[in-house]
Amino acid sequence: MAAMAPGTVQLHIFSWNMKLAKYVKDGQPEKAMQLFQQMQREGMSPDTFTFVQVINACAGLGALENGRLVHDQLIQSGCESNIFLGNSLVDMYAKCGSIEDAWRVFNKMPSRDVVTWTAMILGHVKCRQGQKALELFQQMQQEGVQPNTVTFVGVLNACASVVALEEGRCVNQQIVKCGWESDVFVGSSLVDMYVKCGSMEDAWRVFNKMPSRNVVTWTAMISGHVNCGQGQKALELFRQMQQEGVRPDSVTFVGVLNACASVVALEEGKCVHQQIVECGWDSDVFVANSLIDMYAKCGSMEDAWRVFNKMPSRDVVTWTTILGGCAMHGHGKEALKYFEQMCEEGVQPNDITFICLLSACSHSGLVDEGMHCYASMVTDYMISAKLEHYTCMVDLLGRAGRLQEAENMVMAVPCKPHLAAWMALLGACRIRGNVEMAERVAKRILEMEPNNAAVYVLLSNIYAAAGNRLLCENVERQRKENGVKKQQGRTWIEVNNEVHTFVVGDQDHPQMTEIHAELQRLSGLMHDAGYVPCTKFVDVEEEEEEQVLHLCHHSEKLAIAFGLINTAPGTPLRIRKNLRVCEDCHTSTKFISKIVGRAIMVRDVNRFHHFEDGVCSCMDYW
Ligand SMILES: [Zn+2]
Ligand SMILES: [Zn+2]
């Protein structure tokens, strides 16, 4: 014990405790811990209040070991325990992620209040035990303890984590009864819960009723719309949020970048990038990874590479994202170089990294390299192959014409169902024109999934390509008899910072007359250039009415014509399509790119097609 210097007045325990409490309250737990040590050096014996503050400081620091030491000290000190001390201990252990310790203290407490229960509920949410958190909430109410706003936020997070929509709705009713629906934190958690449980109507209902909204509320809505495929709506919400003066955070930016990627809004994405730089978020790895992904998906690998090269540090997601971009654009050689560089920098690849690498090899026809990577994944990195890896390999072998090896690979897939691998094989049969294998494969797929429209389309196209009109029509009839509907074709194009959507046989667009006139004009020029419409192929798109079956009504053709008449000559066009590009659209786009002298980029479900001067980057294998 340190001796007091003559003349100094030892601070009263009360003053120490006040100072400690202030540090904890101001969010300076390190200073609180230092003060606690100083206090002990100076010979002060902590009392119950001191312990409460120090345990709270440990909770704030997430310092489990320190917390345990303080807990031991508390037991030795003989300080009288009370509910505040118990609550602090439960909270500290829960926040430090040691649920067992929290339970031990919880079970020993003679009485518990809302703070005790809430700490336990939040602890379980943090440890991803949402179901257990909901059970605790029930139990708490059975014991007659009334929840507060913090409890409700925790319970809503629990509902979101286990996608418990019905339970979430019950909690919502309770919140309304307690009059807390207008609380911005509770309201935001409600919106987030509904979004994560997939009910956008409920999310909108709560959102519209909120008297004020913060960044969490807006971000939940933005991410929710991106996840249910409404990228345009997400972008609208982002603009509205800024008009209302709410500043975006890193999570908002990630959501908005995903929205740009989903609708191929490159110009909008660039504006968002500018804002990110202004807010200083561009050095954040999480945000930068989303920027790379956005640029890759919007067709600009140059911008993706620029962001990648500027990053001060890169994680496995960064490398995987850049590899995924290379795969989408068919840059197989670059993908292999990046992979090598990644290994040199000591970043450990994961299973997703290999999916991107293998699909890059497959999209560039690098068969030997792909086989080598696959072998290395299994032996050097001890990553066991999943369905996605098998599918890439089937695709790789199949495209290269090694169909028998590809089929053997599908047969060897241990994980079931392995529909994706069979689909890849059927796709390869189409490219290679192997009717006999295609029939066998189609049969297998339809046994697994009788309503798979893509199988019918692929099979009928394989027959059509082989010149067997009869069998082709047969398959189409079968499809209709079985009531299997094709997906509706949908295309997005960004023109002058605005995203426009087109569907097959679209008649509603205000510029429809001009669009048709442009298609008419192009069609004449294409015929002169030697274009023959490939009508022998069956439509991949849903036919609404028989008269719109005309090939020139396909949504991507409408989008291309719209883009041409609304942009200056020479401007590249960027388009996204929700299905695979059809044979005729692929051929037509090649002709159009040469006739009008424009680069046209089309992202379909599988990959990017860069059309320029009459050729496509996919070399007609897609
Ligand atoms: Zn088409
Ligand atoms: Zn192509």
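**Exercise 1. How many of the six residues of strand β1 (residues 490-495) are buried? Then work out which strands pair with β1.**

*Solution.* Keep in mind that this is a predicted model.

Step 1. Begin with burial: five of the six residues of β1 are buried, and the strand is mostly covered.

Step 2. Turn to strand β2 (residues 498-503), which pairs with β1 in the antiparallel sense over six bridges. A good place to check this is Val495, whose bridge partner in β2 is Glu498.

Step 3. Look at the link. β1 and β2 form a hairpin with two residues between them, and Asn496 in the turn has a positive phi of about 50°.

Step 4. Now find strand β3, which pairs with β1 in the antiparallel sense over three bridges. Here Thr491 has Lys577 of β3 as its bridge partner.

**Exercise 2. In which sense, parallel or antiparallel, do strands β3 (residues 573-577) and β4 pair? Describe also how the two faces of β4 are covered.**

*Solution.* Step 1. The pairing of β3 with β4 is parallel and runs over four bridges. To locate one of them, take Leu573, whose bridge partner in β4 is Ile600.

Step 2. Recall that side chains in a regular strand alternate between the two faces of the sheet.

Step 3. Apply this to β4 (residues 600-603): Ile600 and Val602 lie on one side, Met601 and Arg603 on the other. All four are buried, and both faces of the strand are covered.

**Exercise 3. At what angle do helix α21 (residues 351-363) and helix α22 (residues 367-379) pack? Characterise their contact.**

*Solution.* Step 1. Two packed helices are described by the angle between their axes and the distance between the axes. For α21 and α22 the angle is about 160°, and the axes are 8 Å apart.

Step 2. Angles over 145 degrees count as roughly antiparallel, so α21 is roughly antiparallel to α22.

Step 3. Add the handedness: α21 passes α22 in a left-handed crossing.

Step 4. List the residues. α21 contributes Phe354, Leu357, Leu358 and Cys361, while α22 contributes Glu369, Gly370, Cys373, Tyr374 and Met377. Sorted by type, the residues of this contact are seven nonpolar, one polar and one charged.

**Exercise 4. Does Lys590 count as buried or exposed? Find what surrounds this residue.**

*Solution.* Step 1. Place Lys590 in helix α31 (residues 583-596).

Step 2. Lys590 counts as buried because its relative accessibility is 15%, and the cut-off for buried is under 20%.

Step 3. Leaving aside residues up to four places away in sequence, Lys590 touches Phe611, Gly614, Val615, Cys616 and Asp620.

Conventions:
Residues numbered from 1 in each chain as written. Chains lettered and ligands numbered in written order. Predicted model: local features only at pLDDT ≥ 70, side-chain atom pairs only at ≥ 80, totals over all residues. Heavy atoms only, no water. Axes fitted to C-alpha atoms, helices over the stretch in contact; angles between N-to-C directions. Parallel < 35°, antiparallel > 145°, perpendicular 65-115°, else oblique. Left-handed = near helix turned anticlockwise from the far one by under 90°. Contact = heavy atoms within 4.5 Å. Nonpolar A, V, L, I, M, F, W, Y, C, P; charged D, E, K, R; others polar. Buried < 20%, exposed > 50% of the residue type's maximum accessible area, 1.4 Å probe, protein only. Pairing = 2+ DSSP bridges.
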